[in-house]
Amino acid sequence: MCGIIGYTGARSAVPLLLGGLRRLEYRGYDSAGVAVPSTSGGPVQLSRCQGKIAALEASLDKAPLAGPCGIGHTRWATHGKPSEVNAHPHRAGDVAVVHNGIIENHAELRARLQAAGSHFTSETDTEVIAHLVAHELTKDADFLQAVVRAAAQLEGAWAIAVVNQKQPDTIVAARHSAPLLLGLGGPGVGEDSTAAENFVASDVSAILQHTRVVVDLEDGDLARITPNHYEVVDAHGKPVQRPRRRVEWSPAAAEKQGFRHYMLKEIHEQPRAIRDTMLGAGVGADDVRFDGLSLDVSACARIVMLACGTSFHAALIGRSLIEGLARIPVEVDIASEFRYRDPIVRTSDLALAISQSGETADTIAALKEAKQRGAQTLAICNVLGASLSRVADQVLYTHAGPEISVASTKAFTTQLTMMVLLAIHLGRRTGHLTAERAKALVDGLQDLPAHIDNLLAASAAIRIIARRHQGARDCLFLGRGLCYPVALEGALKLKEISYIHAEGHASGEMKHGPIALVDGNMPVVVLAQRGPGYGKVLSNLEEVRARGGKIIAVATLGDHTIGDLADDLILVPDVAGELQPILASIPLQLLAYHFADLKGTDVDQPRNLAKSVTVE
């Protein structure tokens, strides 16, 4: 949620800031701005606007800002409506600040600062930080220590970058429960750089064109960067050492590469992403051995899965897989609810948190709660060095690569792939999964990329189905067993990007209320692959037909029965039941994409949503 970029070096800052903001726009896009310390005296220069980065670029074309150091921000509104006056950066005296997250005690701090003579111009919590730092600088000219003292007064989850007109080549950054990293440039470090320079960013994608060498800041860390130097201190201002790492993603991985939208590109990347996830997991002929994972399975009495949104749907599928293959009891909790119900957690429990970004605030907080209560902790995420990976005792990484579209696609199917892999790993160690059955599942996993390629080839046919129903205002998704969570995910995708009201339900629950919604104007998407409960799903289709509903069926290739019951038919390959959710997800992603594209909505940046929910 929101994006931060900062640069100090020999080059002109504004073009680099704008380039970084364009790559961060998926994190927030209702307003944007940059701040550049003046090279000729006077206050820090600001340029801000409501709307997307293109509006900021147009504003800067008319009134350019010059300087070799600056900070930029793209916003998703929390405190204060989207407007120029509420856009970041915020300025007070010689200081300008950009901020991700929420300052929970901002009202108290604002009242105190106003009583001391500060004048506020915005509705935001962020402006409080600028006034705090400016106030602390009146006590001590040391820029870094002034931010240390200001940060100590903040409560909440936040990441900030600050510039100071009196030290115009310096940026001070700080983080607490929100992502922030340093990018190290200069000769022999940056990809194209020959001059000394350094960066700060909330997401590595913002700086990949310039350097792949980064330093991940830990919670409580603050950093001072100049063109030639960086230093990191803890919350008390004491120096600390943080390791460098090299990012292996290429800048091209975050570009559209000829696709109309990032979402469509990421849908088509799923064969590669699933293949990479398996390659990273140590898949053998009849087993999965995760390198470095050391779980005492015999001491694990229960697994508690914690997740939000799409990752929650992956967890629901993971529960059935692990219980079925490993016979370990699994409970799934919405992470945002977990801490607030006084959960029962035992030392024999394994808490498994799932997050694409590894920065989801509710999921991180829930895992911390489980850890505090004595559980072993494991995380599944897609981003090396993410906050969640540093909270968990152990981590399993999916290998989806950067996902830019707000609506998750390849991150979801790689999470499902990881769930199958983890279930095989656990099942082999509990003794409930035979070598023969494990081999069949491993072989099935190896075939998935080719199956998905075939499903992607049906995109044009799925677009025709979407066009036939594009006037719909409501849509119902039905699934049974492992495909019930897929129905939930399909409904979520459709509502996220097309703004069509959609609900997902277990097929057996249709008669308990949802059937009242069915009429001749409502498409009903039914997941009807062969397997347990197939006959009952056919009965559900008959009930929908009897009430005039328009049926879009996702069925198994070779099914000659269901065609007579459905208005539209999408066929998926016949695979093991444990793998069906992965394949069933693909046509639902394409269906949602084509609905949205035909309606002309903003597919990659849907209204009111941001990619990473880094505040509660």
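Me: Leaving aside neighbours within four places in sequence, which residues is Ile303 in contact with?
Reply: This is a predicted model. In it, Ile303 is in contact with Ile322, Ile328, Pro329, Val330, Glu331, Leu350, Leu352 and Leu426.

Me: And which residues have the most contacts inside the largest nonpolar core?
Reply: Those are Ile303, Met305 and Ile322. The core itself has 87 residues.

Me: Which helix gives the largest share of that core?
Reply: Helix α17, residues 580-599, with eleven residues. Another core lies apart from this one and has 28 residues, among them Val97, Ile103, Phe143 and Leu154.

Me: Why would nonpolar side chains be found together at all?
Reply: In soluble globular proteins, nonpolar side chains tend to be buried together.

Me: New topic, the five-stranded open sheet. What is the strand order?
Reply: The order is β21-β20-β22-β23-β24, and the pairing is parallel.

Me: Which strands stand at the edges?
Reply: β21 (501-506) and β24 (568-572). Each has a single partner strand, so one side of each has no neighbour in the sheet.

Me: By how many degrees are neighbouring strands turned against each other?
Reply: On average by 15 degrees, with direction ignored.

Me: How many bridges join β23 to β24?
Reply: Five, and the two strands run parallel; β23 covers residues 550-556. To give one position, Ala555 stands opposite Leu571 in β24.

Me: Which strands does helix α14 touch?
Reply: Helix α14 (residues 459-468) packs on the sheet and touches β23 and β24. Its direction makes about 150 degrees with that of β24.

Me: What about α17, which strands does that one touch?
Reply: α17 also packs on the sheet, where it touches β20 (474-479), β22 (523-528), β23 and β24. The direction of α17 makes about 165 degrees with that of β22. This is the helix that supplies eleven residues to the 87-residue core.

Me: On to charges. How many salt bridges are in the whole structure?
Reply: A search finds 33. One of them is between the side chains of Glu57 and Arg22, at 2.2 Å from N to O.

Me: Where do those two sit in the chain?
Reply: Glu57 is in helix α2 (residues 53-62) and Arg22 is in helix α1 (residues 13-24). They are 35 residues apart, and the pair links distant parts of the chain.

Me: How exposed is Glu57?
Reply: Glu57 is partly exposed, with a relative accessible area of 23%. Arg22 is partly exposed as well, at 45%.

Me: Which residue forms a salt bridge with Asp602?
Reply: Lys52, with the closest N and O atoms 2.2 Å apart. Asp602 lies in the segment after α17 and Lys52 in the loop between β3 (45-50) and α2, so the pair ties together parts 550 residues apart in sequence. Asp602 is partly exposed at 29%, and Lys52 is partly exposed at 31%.

Me: And Asp342, which partner does that have?
Reply: Arg373, with the closest N and O atoms at 3.2 Å. The two are 31 residues apart, each in a loop.

Me: Is Asp342 buried or exposed?
Reply: Exposed, because its relative accessible area is 57% and anything over 50% counts as exposed. Arg373, at 30%, counts as partly exposed.

Me: Last one. Which residues are linked in a network of salt bridges?
Reply: Arg302, Glu331, Asp333, Arg341 and Asp349. Glu331 came up earlier, as one of the residues in contact with Ile303.

Technical notes. Residues are numbered from 1 along each chain as its sequence is written. This is a predicted model: local features need pLDDT of at least 70, side-chain atom pairs count only at pLDDT 80 or more; totals for chains, interfaces and linings use all residues. Side-chain values use heavy atoms; hydrogens and water are left out. A nonpolar core is a set of buried Ala, Val, Leu, Ile, Met, Phe, Trp, Tyr and Cys residues joined through side-chain atoms within 4.5 Å. Buried means under 20% relative accessible area, exposed over 50%, partly exposed in between (1.4 Å probe, protein chains only). Helices (H or I, at least four residues) and strands (E, at least two) are DSSP runs, numbered from the N terminus. Contact means heavy atoms within 4.5 Å. Two strands pair if DSSP finds at least two bridges between them. Axes are lines fitted to C-alpha atoms, for helices over the stretch in contact, and angles run from 0 to 180 degrees between N-to-C directions. A salt bridge is a side-chain nitrogen of Lys or Arg within 4 Å of a carboxyl oxygen of Asp or Glu.
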